[in-house]
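Colleague: I am new to this one and would like the reasons behind the labels. Please show it first.

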Amino acid sequence: MSKTDNIYNQPLEQVGGFTFDEQVVQVFPDMIKRSVPGYEQIIQTIEMITERCAVQNSNLYDLGCSLGAATLSMRRGLNNKNGCQIIAVDNSEAMVERCQQYIHAYKSKQPVSVICADICNIKIENASVVVLNFTLQFLTPEKRLKLLTDIYNGLLPGGVLVLSEKFVFDDPVSHQLLIDLHLDFKRSQGYSELEISQKRSSLDNVLIADTVEQHYQRLQQAGFMHNNLWYQCFNFGSIISIK
């Protein structure tokens, strides 16, 4: 069972950089539900995208799988498509261990491999669906293009990439309004000002967000010519890219 996220509810002498450690793993479902507006809608839609876009005898990848919410959504979307395999990858041992427990708890004939590794070192091949669900933003900017290029090269024609991210915006007025709305959302989920402030400090220089336009430019550089923002809530959203 997931615990309530209270990691930052007491004053800390020093707020360290955010890491996906055992403490975060224990509260992660509660944390992401209360921190990312629209997260459940994105997860539900990944199932629909998989149902429409996955092809038989192909691989599906969940890169930065955390506890496997997108992995389970893809597996539901596969239905009776034969010969498919889902490869879920995360570099946090604590996340991978708990993800494996969740995957095994839901019975399905669709095979899932959960791997503890750096997603930048994973060979993408024979892929019909790849998911980067709030993952790219945690990579250093210089690694992002190569990963997207590797994904493009490993996708089958017509294959899709789902790229969900936190965004920044060039226009300072609308950018600030969307930040304020996101903070209001977190307050409505029961987070205190102390929790919001300390969590924000922990993510400084760890989560480096791009504009939607920067994502489009990078995706085009990687080879994707069909890119659209299919969902946005405040400063969070998801792009679908088609090979």
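Modeller: This is a predicted model. To begin with a term, a pocket is an open set of grid points with protein on both sides within 12 Å along at least five of seven lines, and a lining residue has an atom within 4 Å of a point.

Colleague: Which residues lie nearest the centre of the largest pocket, and how many line it?

Modeller: Phe134, Gln137, Phe138, Leu203 and Leu207 lie nearest the centre, and 46 residues line the pocket. The space in it is about 1000 Å³. Helix 6 gives the most to the lining, five residues. The elements that give two or more are helix 1, helix 3, helix 6 and helix 7. By class, the lining has 25 nonpolar, 12 polar and nine charged residues.

Colleague: Why is helix 1 called oblique to helix 6?

Modeller: Helix 1 (residues 22–35) and helix 6 (residues 172–188) pack at about 135 degrees, with axes 8 Å apart. Over 145 would count as roughly antiparallel, and 65 to 115 as roughly perpendicular. The angle falls in neither range, so helix 1 is oblique to helix 6. Lys33, Arg34 and Ser35 of helix 1 make the contact with His182, Phe185 and Lys186 of helix 6. That contact has one nonpolar, two polar and three charged residues.

Colleague: How do you know that strand 6 and strand 7 pair?

Modeller: Two strands pair if there are at least two bridges between them. Strand 6 (residues 226–233) and strand 7 (residues 236–242) have seven, in the antiparallel sense, so they count as paired. His226 has Ile242 of strand 7 as its bridge partner. The two strands form a hairpin with two residues between them, and Phe234 in the turn has a positive phi of about 60 degrees.

Technical notes. Residues numbered from 1 in each chain as written. Predicted model: local features only at pLDDT ≥ 70, side-chain atom pairs only at ≥ 80, totals over all residues. Heavy atoms only, no water. Axes fitted to C-alpha atoms, helices over the stretch in contact; angles between N-to-C directions. Helix = DSSP H or I, 4+ residues; strand = E, 2+ residues; numbered from the N terminus. Parallel < 35°, antiparallel > 145°, perpendicular 65-115°, else oblique. Contact = heavy atoms within 4.5 Å. Nonpolar A, V, L, I, M, F, W, Y, C, P; charged D, E, K, R; others polar. 1 Å grid on protein atoms, 1.4 Å probe; cavity = no way out; pocket = protein on both sides within 12 Å on 5 of 7 lines; lining within 4 Å. Points joined across faces, edges and corners; volume = space filled by probe spheres on them.
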